[in-house]
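User: Could you take a close look at one part of this model for me, and then walk outward from there? I'd like one connected answer rather than a list.

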Amino acid sequence: AGGIGSEICRALHRDGARLVVHYSTQRGPAQELAAEGSADSVALQADLTSERGPDALWDAATQALGGIDVLVNNAGLWLRSPLANESEWIAGWDANLTLNLRQAAWLTRRAVLDFAEQGGGAIISIASRSALRGDDAEHLAYGVAKAGLQNLMKGVARAYAHRGVMA
């Protein structure tokens with residue numbers, strides 16, 4: 001957690017929320033951020049670029065807190081996908097769509113399944129202005145991924161509001 005994620009955590013701490021602070025590699029700062037709030041808040045590591053990363057994170061978070069009421073999809077990176085070099089272009093698109101869309105969609109799936117069963121919950125996904133206006137030539141895939149994330153939230157809101165799931 002850093003930047004926007006850290007400030008989201010601090011705002012939720014002020015409101016008394018118990019949090020799971022996700023981190024990929026920076027354990028110390030994530031543990032410090034978790035310690036700023038409730039004694040029940042924890043920092044959990046997960047590699048959201050791996051196939052099983054979202055499931056592992058959701059399962060560990062559910063176990064740590066005894067259940068989840070709110071998912072904040074904030075993990076993301078502004079990754080290059082240069083057009084001229086085919087292998088870099090493919091790698092950039094794959095990496096952007098994996099981290100910035102697919103893994104958030106996977107966490108959203110788990111949230112919708114649990115929230116619908118428990119009578120409700122909320123999903124907040126942090127996108128980017130790139131989702132609305134596109135991005136520069138080196139970051140086209142990033143804008144596409146973030147636009148997809150926005151569209152996912154609109155679809156979840158339409159499809160699951162009647163089950164108490166807010167997105």
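Analyst: Let's start with Trp-89 and Trp-93: they are four residues apart in helix 4, so about one helical turn separates them. This is a predicted model, so take what follows as a reading of the prediction. The two tryptophans form an aromatic pair of the tilted kind, with 5.6 Å from centre to centre and 50 degrees between the planes. That angle falls between the cut-offs of 30 degrees for stacked and 60 for edge-to-face, which is why the pair counts as tilted. In total, the structure holds two aromatic pairs. As for burial, Trp-89 is partly exposed because its relative accessibility is 32%, and the cut-off for buried is under 20%.

Staying with tryptophans, have a look at Trp-106. The charged end of Arg-109 sits over the Trp-106 ring, 5.0 Å from the ring centre. Trp-106 is also touched by Pro-54, whose other contacts beyond four places in sequence are Leu-48, Gln-103 and Leu-107. Pro-54 itself lies in helix 3, which runs over residues 53-65. With a relative accessible area of 0%, Pro-54 is buried. The C-alpha atoms of Pro-54 and Arg-109 are 10.0 Å apart, while the two positions lie 55 residues apart along the chain as a separation.

That brings us to helix 3 as a whole. Its 13 residues should span 18 Å at 1.5 Å a residue, and the end C-alpha atoms are indeed 18 Å apart, so the two values agree. Besides Pro-54, the buried residues of helix 3 include Gly-53, Asp-55, Leu-57, Trp-58, Ala-61 and Leu-65. They pack against strand 1 (20-23), strand 2 (42-45), strand 3 and helix 4. Just after the helix comes Gly-66, with a positive phi of about 80 degrees.

Strand 3 (residues 70-73) is where the sheet comes in. Leu-71 and Asn-73 make up its covered face, and Val-70 and Val-72 its uncovered one. That fits a general pattern: in a regular strand, side chains alternate between the two faces of the sheet. Strand 3 pairs with strand 4 in the parallel sense, over four bridges, and Val-72 has Ile-124 of strand 4 as its bridge partner. Put helix 4 between these strands and you get a right-handed β-α-β unit made of strand 3, helix 4 and strand 4.

Zooming out, three strands form an open sheet with parallel pairing, in the order 3-4-5. Strands 3 and 5 stand at the edges with a single partner strand each, so one side of each has no neighbour in the sheet.

Helix 4 and strand 4 turn up once more around helix 6 (residues 140-160). The buried residues of helix 6 are covered by elements including helix 4 (86-118), strand 4 (121-125), helix 5 (130-133) and strand 5 (165-166). Among those buried residues are Ala-141, Tyr-142, Lys-146, Leu-149, Met-153 and Val-156. Helix 6 has 21 residues and reaches 30 Å from its first C-alpha to its last, close to the 30 Å expected.

One last spot is Gly-28, which has its place in helix 2 (residues 27-35). Gly-28 is partly exposed, at a relative accessible area of 33%. Its C-alpha is 32 Å from that of Ala-131, a residue 103 residues away along the chain.

Technical notes:
Residues are numbered from 1 along each chain as its sequence is written. This is a predicted model: local features need pLDDT of at least 70, side-chain atom pairs count only at pLDDT 80 or more; totals for chains, interfaces and linings use all residues. Side-chain values use heavy atoms; hydrogens and water are left out. Helices (H or I, at least four residues) and strands (E, at least two) are DSSP runs, numbered from the N terminus. The expected span of a helix is 1.5 Å times one less than its number of residues. Buried means under 20% relative accessible area, exposed over 50%, partly exposed in between (1.4 Å probe, protein chains only). Contact means heavy atoms within 4.5 Å. Rings of Phe, Tyr and Trp (its six-membered ring) pair if their centres lie within 6.5 Å; planes under 30 degrees apart count as stacked, over 60 as edge-to-face and the rest as tilted. A charge sits over a ring if NZ of Lys or CZ of Arg is within 6 Å of the ring centre and within 35 degrees of the ring normal. Two strands pair if DSSP finds at least two bridges between them. A crossover is right-handed if, with the strands pointing away from the viewer, the path from the first strand over the helix to the second runs clockwise.
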